[in-house]
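Grab a pencil and have a look at the model shown here. Each exercise comes with a worked solution.

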Amino acid sequence: MPPWVNFEPFIVSGLALGGVYALSGVGLVVLYRATGVLYLAFGAVGALGALIAWSLTTRAGAPGWVGWLACVAVAGAVTLGYGLLFGPALAKRDPLIKAVATIGLTLILYGVMDLLWTASGGQARSLTLPTDNGGFTVAQIQVTWTQVIALAAGVVLTAATGAFLRFSKLGTAMRAMANDRDITATLGVPVRRVEAAAWLGCGVLGGIAGLLLADLVALDATTLTFLVISSLAAVLIARLRSITVTFVAAIVIGLLHDLLTPIASLTSYRDMTPFVIAAIGLLVLSRHQVMTQSREEA
Amino acid sequence: MSGTVRATRERASPSRIARRPSRPQLIKASITTVLLLFAFFALPELLSLYYVDTMTQVAVYSMVTLALGLLVGRVGLVSLGQVAVLAIGAWSAARLLFATTQPYPLVLLEAGLITMVAGVLIGLPALRLRGLYLALITLMLAGSITVVLATVNFPNGGHGFLGYNGSLLHIPPIRRPSIAASDPAYFRYSMVVAILMFALVLAHIKTKPGRAWAAIRQSEPAALAAGINIWFYKLWAFALASFITGVAGGVLAGAIHYLYSIGFPTQDSITLLAVTLMGGVFSLWGAVVAGFLYQFLPALLNNWGVSADWLIILFGLGVLQVLTTAPAGLADQVPRDLRRLGRRLRRRPGGDGA
Amino acid sequence: MRRHISTRRTILLAAALGLAAAGCSSSSTASGTGSTPASSSSGSASAGTVSTSSCGSKPGVAATGTPIPLGAIATNQPGTSFTDIPNMAKAYFDCVNANGGINGHPIKLYIATEQTNPAQIAADAKQLVQTDKVVGIVGNTSIIECSVDSSYWQKLGFYIIDSGIAPECYSTPNSAAVNMGPRYSSDGAVQYALAQHVSKVVFDQANVPGTGYIAAGPAALAKAANTPIVQLTENVPITDASSVAIKEVNDAGPNGAVILNFTPPQALVILQAAQKLGLENRVKLWGCSTPCNTDFLAQSLGAKWNGKLFVNAELTPPDGTNTTAMNLYKAILKQYGTSVQGGIGSFSQMGFTEAEIAVHALQSITGPYTVQSVNAAFKAVKDFNTGMLCQLWTYGDYPLHIPNNADYTVTANNGKMTTAQGCTPISAADPQIAQYRSAAGTAANAP
């Protein structure tokens with residue numbers, strides 16, 4: 001067992017990783033609460049947006065903010081398009097079916113991304129944000145402002161969207177729609193508009209997260225698309241309900257993952273951390289009751 | 001009065017109801033038999049080795065999609081980790097094939113049983129979860145297995161429990177059965193195994209477990225009220241699906257000779273679910289269609305120089321199509337569309353009148 | 001409801017067709033069999049001071065005889081694509097075909113791609129041999145193809161010319177590579193670090209097939225230099241580069257070296273994480289095997305890495321080399337290499353070199369071009385000056401082949417890779433290198 005001082009830098013990097021997981025995880029739960037759909041394509045739309053931003057800034061020489069705007073716009077448009085096309089048709093179905101449908105979207109985006117941004121020729125792409133250049137030092141390692149922003153974004157998202165969904169009129173309408181579309185419609189809520197707003201908001205969120213994750217993790221379609229799988233761990237522990245629990249779980253998972261790094265016997269298995277925690281968490285949470293995700297539970 | 005009741009009871013007994021197969025069923029059975037015989041005897045002669053190898057993969061993955069379709073279609077359990085189960089089966093078979101000189105069928109059986117035990121152990125606690133939670137936890141478990149496999153690797157003739165030697169300059173191939181060493185012979189061998197697995201599933205469907213599963217799929221509370229032990233039958237489905245996938249893993253090991261952990265990534269489970277849905281989860285033919293989609297189509301496109309990415313896009317579109325418009329998949333949709341086309345063609349000559 | 005369903009179906013169909021149209025028109029689609037060559041105008045010097053017509057024996061005369069079929073298998077999957085290598089070989093062959101061919105016979109290269117699926121790779125090999133009837137294999141570049149097909153090639157008597165990765169590419173009689181592969185390239189990087197008198201080496205590699213085989217090289221070198229070595233592996237794709245970088249730096253210590261063996265995107269992610277954490281100065285030096293030798297990487301890293309990163313280069317650096325072969329390579333790439341995505345770089349250089357060797361061998365054949373004659377010619381290549389390697393290249397009749405066993409070291413300098421050290425032989429402390437040199441001797445350096 002290595003000495004404590006070896007673990008210190010990993011606490012810092014673990015918090016940063018936790019921020020990454022939290023960004024995806026909180027995004028997923030927020031979307032679920034607003035639309036009733038576990039949007040598994042969250043990583044893929046973010047990746048698509050980030051790659052477009054990369055192409056615009058690196059290949060076409062556009063200024064940074066144009067790329068970011070394009071990223072968010074594309075992510076929003078794709079998500080909105082998906083929501084309008086397939087949302088109503090699947091609204092009455094089980095949440096499982098709705099989630100599997102987003103897998104379809106994920107595969108489409110994944111294929112498109114590999115076609116348009118190929119890996120041949122040994123090309124290595126990276127996206128850097130201006131906030132990468134500054135930072136401060138903790139435990140002998142540097143923390144960039146980007147990492148701080150990611151963590152802060154997670155916190156802000158948790159607090160703001162929680163409040164929005166609970167207290168605002170639009171937020172309540174979204175929750176009602178996610179629960180039961182038909183009854184909400186009969187109550188006089190402009191269903192199509194609220195739905196569009198929910199999906200657009202989700203897409204914008206995915207685009208912003210995509211930019212940050214492309215900077216923090218890697219600008220690689222495969223990595224970013226399937227990062228959601230690890231983020232699902234935090235989502236599952238929160239049982240797709242509590243945004244705060246998702247955030248906290250994500251931070252804990254990130255910390256634990258990195259704290260295992262200096263332990264030689266466990267370091268090769270540390271990528272299992274999210275999965276094992278999720279499995280244990282779910283099994284512990286369900287030991288007294290059968291856990292089912294019906295429509296009424298959104 | 002009592003005589004009528006007795007007569008009714010007699011008429012209603014299951015053995016009498018199931019005795020006489022109907023005409024469409026007989027036609028379907030004969031077509032199936034003809035196709036199978038053709039595939040067994042003629043295909044290896046007609047196809048190039050490239051496609052014979054591909055057809056072996058189709059046979060292997062038809063078993064996997066059969067198992068997944070069983071879980072999804074018959075019992076309503078979505079598993080996002082079937083490729084990890086396949087990896088367990090392949091691992092077990094490879095370890096046994098390297099460590100022992102047991103005959104191949106015995107190794108396949110053992111691999112199936114080991115995988116079944118693993119499936120049951122995993123399924124046991126997971127069965128308290130339903131729907132989306134169950135699907136996601138299978139994804140989590142599959143992710144764990146993938147990471148373990150990346151570290152532990154597949155057996156390659158080394159010593160110890162794991163049987164992996166990382167420094168080998170020449171990796172020995174996994175052996176095949178002595179009667180099926182060549183590629184065409186191995187295709188026939190894998191076909192026989194696949195037919196046996198399909199027969200196993202058919203036997204289940206036609207008897208008590210099949211009826212219990214149908215009742216559970218229809219409505220769990222109603223099944224519970226009817227006295228069906230839901231937990232037991234769900235576990236049975238898990239066990240059967242794991243067994244079949246394990247056997248498929250064993251056949252896969254012999255087919256490809258070399259196993260690598262990068263060959264069983266987590267995202268493949270997602271693609272597998274996509275093709276299983278596209279093929280159709282409510283019929284056995286759907287599993288075969290899914291097998292073709294998963295292995296034959298990529299081989300075809302590869303041969304024509306079309307990038308594999310197009311196939312990923314196609315599968316994504318297929319999932320969306322199936323879930324929104326054709327829940328029963330291609331296996332149900334294509335015959336239906338053909339029948340509709342046939343009806344329209346038959347109507348034409350009469351109503352056309354220039 | 002029915003109208004709704006058909007609308008959605010139409011949209012799905014339209015989306016599919018739209019994607020197909022976009023794909024067909026997109027220039028960045030990497031097709032498996034390579035695109036048709038650019039206009040084979042004879043004698044036009046489109047780049048450098050060399051006309052492409054010098055690739056063939058009869059400038060300007062298109063070859064019209066019966067084609068000589070050759071085959072290549074390359075990995076092409078999301079995240080890893082080696083198609084540039086056979087595509088560049090094909091470009092070279094196209095040039096030769098436009099300028100006399102091989103005694104009037106054009107070369108037809110069949111390229112099969114695979115997604116690291118052993119069944120598919122075995123099937124591809126059989127397809128090439130049985131259906132496409134290839135008489136030689138030139139340009140194979142695959143993570144596991146050598147392992148899967150080695151016994152098949154041996155059985156059929158094929159002596160393949162490839163860019164190797166798997167152990168069997170370097171340890172069997174039937175494969176000779178133009179590159180050094182991950183093990184010997186990592187040896188080169190570790191060797192350079194050891195020569196700078198580092199106190200400890202940390203060797204970190206991607207967890208793909210062959211890690212034990214690859215690690216054995218650096219381990220032997222470190223042992224011979226009495227330097228402790230730490231062996232690490234990382235699952236790829238890496239999602240948490242920060243912990244990887246911190247671990248490496250902690251293990252290496254301030255006077256140690258961190259040597260990486262990853263594909264360019266993964267290596268970049270680790271190095272960038274190290275920079276963001278402020279760790280790039282915490283070790284004596286960073287090293288990398290050949291995949292890092294791309295200008296993409298140098299540009300992405302920037303000036304902060306000047307003098308810190310030393311990359312093993314298996315091939316002669318294209319920048320600043322004004323030889324005939326290098327100029328011909330650049331000219332052919334420009335005129336015929338439309339399907340080569342990465343442009344000037346080690347991938348296309350390898351493709352060029354393999355094709356060059358094949359053409360040289362084929363031109364020596366008198367009589368029919370059969371499996372026997374072509375592969376005998378390949379095996380007979382001896383002391384050939386490719387103009388792309390440190391040494392003269394030999395196939396020969398040996399139980400194993402490591403014909404490229406001397407390397408350059410390049411370093412990242414203001415966004416470009418520049419030479420830090422000229423041709424240096426890989427140390428014979430690596431037992432495989434020792435075994436090869438005892439069988440084949442030490443090849444002379446190219447003039």
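The exercises below deal with aromatic rings and then with empty space.

Some ground rules: this is a predicted model, where local features need pLDDT of at least 70, side-chain atom pairs count only at pLDDT 80 or more, and totals for chains, interfaces and linings use all residues. Residues are numbered from 1 along each chain as written, chains are lettered from A and ligands numbered from 1 in written order, and side-chain values use heavy atoms, without hydrogens and water.

**Exercise 1.** Work out how B:Trp91 and B:Phe161 pair up.

Step 1: Rings of Phe, Tyr and Trp (its six-membered ring) pair if their centres lie within 6.5 Å; planes under 30 degrees apart are stacked, over 60 edge-to-face, and the rest tilted.
Step 2: B:Trp91 and B:Phe161 have centres 5.8 Å apart and planes at 45°, which makes a tilted pair.
Step 3: B:Trp91 belongs to helix H6 (residues 82-99) of chain B, while B:Phe161 is in the loop between helix H8 (131-152) and helix H9 (183-206) of chain B, so the pair ties together parts 70 residues apart in sequence. (Helices are DSSP runs of H or I, at least four residues, numbered from the N terminus.)

**Exercise 2.** Is each partner, B:Trp91 and B:Phe161, buried or exposed?

Step 1: Buried means under 20% relative accessible area and exposed over 50%, with partly exposed in between (1.4 Å probe, protein chains only).
Step 2: B:Trp91 has 15%, so this residue is buried.
Step 3: B:Phe161 has 69%, so this one is exposed.

**Exercise 3.** Find the charged end that sits over the ring of B:Tyr186.

Step 1: The test asks for NZ of Lys or CZ of Arg within 6 Å of the ring centre and within 35 degrees of the ring normal.
Step 2: B:Arg176 fits, with its charged end 4.6 Å from the centre of the B:Tyr186 ring.

**Exercise 4.** Describe the largest cavity and its lining.

Step 1: On a 1 Å grid over the protein atoms alone, a cavity is a set of points where a 1.4 Å probe fits but cannot get out, and lining residues have an atom within 4 Å of a point.
Step 2: The largest cavity holds about 280 Å³, a volume being the space filled by probe spheres set on the points, which are joined across faces, edges and corners.
Step 3: Its lining has 27 residues, with A:Asp215, A:Leu216, A:Val217, C:Ala273 and C:Lys276 nearest the centre.
Step 4: H9(C) gives the largest share of that lining, six residues.

Key
Helix = DSSP H or I, 4+ residues; strand = E, 2+ residues; numbered from the N terminus. 1 Å grid on protein atoms, 1.4 Å probe; cavity = no way out; pocket = protein on both sides within 12 Å on 5 of 7 lines; lining within 4 Å.
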